[in-house]
Amino acid sequence: MTLDDLATLIASRKDADPSSSWTAQLLAKGPEKCAEKFGEEAIEAIIEAVKGDKAGLTSEAADVLYHLLVMLTACDVSLDDVLTELGKRQGTSGIAEKASR
């Protein structure tokens, strides 16, 4: 499964009955809950990275990507929007880009 496939699947659940899927349940709770879940998963990924647990980090990273896409969907931001923003930054030094903000 690609990130695009996952983003499409998540978007298809935005207006679904919350009893039909975990994704629909999260989206029904709104952007704040989706952001909270993303934050929880990010912290869990950080813990696994610090522990040096490659398998744990792999699993948590999958959760982070899923919950990031759910949060983006809840906020009406598409994966394409994010990729376009990344494209704008291509060829620019990360240091220069950060200084321009």
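**Helices and charges in a predicted model**

Of the 101 residues in the chain, 27% count as buried. That figure, like everything else here, comes from a predicted model. As for the fold, the chain has 6 helices and 0 strands, so reading from the N terminus the pattern is simply α-α-α-α-α-α. Taken along the principal axes, the C-alpha atoms fill a box of roughly 45 × 35 × 25 Å. Among contacts with a separation of 6 or more, 54% link residues 24 or more positions apart. The accessible surface adds up to about 6,700 Å², and 59% of this belongs to carbon and sulfur atoms.

Next come the charges. The chain carries 11 positive and 18 negative ones, and the mean positions of the two sets are 4 Å apart. Some of the negative charge shows up as a surface patch, formed by D4, D5, D80 and D81. Two helices, α1 (3-12) and α5 (79-89), each supply at least two residues of this negative patch. D80, for one, is found in helix α5.

Side chains of opposite charge can pair when their charged atoms come close. The structure holds 7 salt bridges, and a few of them are worth a walk-through. Helix α3 (residues 31-51) contains both K33 and E36, which sit 3 residues apart, or about one turn of the helix. These two form a salt bridge, with 3.3 Å between the closest N and O atoms. Both partners are partly exposed: K33 has a relative accessible area of 27%, and E36 has 42%.

Helix α3 also holds K37 and E41, 4 residues apart and again separated by about one helical turn. Their side chains meet in a salt bridge at 3.9 Å, N to O. Are these partners buried or exposed? K37 counts as buried because its relative accessibility, 15%, falls under the 20% cut-off. E41 is buried too, at 8% relative accessibility.

Helix α5, already met in the negative patch, has a salt bridge of its own. There, K88 and E85 lie 3 residues apart, about one turn of the helix, and their side chains meet at 3.9 Å, N to O. K88 is exposed, with a relative accessible area of 61%, whereas E85 counts as partly exposed at 33%. Back with K37 and E41, there is a bigger grouping to add: salt bridges that share partners join K37, E40 and E41 into one network.

Notes
Residues are numbered from 1 along each chain as its sequence is written. This is a predicted model: local features need pLDDT of at least 70, side-chain atom pairs count only at pLDDT 80 or more; totals for chains, interfaces and linings use all residues. Side-chain values use heavy atoms; hydrogens and water are left out. Patches are made of residues with over 30% relative accessible area and no salt bridge: like charges are joined within 9 Å, nonpolar side chains (Val, Leu, Ile, Met, Phe, Trp, Tyr) within 5 Å. Accessible areas come from the Shrake-Rupley method with a 1.4 Å probe; for residues, only the protein chains shown count as cover. A salt bridge is a side-chain nitrogen of Lys or Arg within 4 Å of a carboxyl oxygen of Asp or Glu. Lys and Arg count as positive and Asp and Glu as negative; His and the chain ends are not counted. The place of a charge is taken as NZ of Lys, CZ of Arg, CG of Asp or CD of Glu. Buried means under 20% relative accessible area, exposed over 50%, partly exposed in between (1.4 Å probe, protein chains only). Contact means heavy atoms within 4.5 Å.
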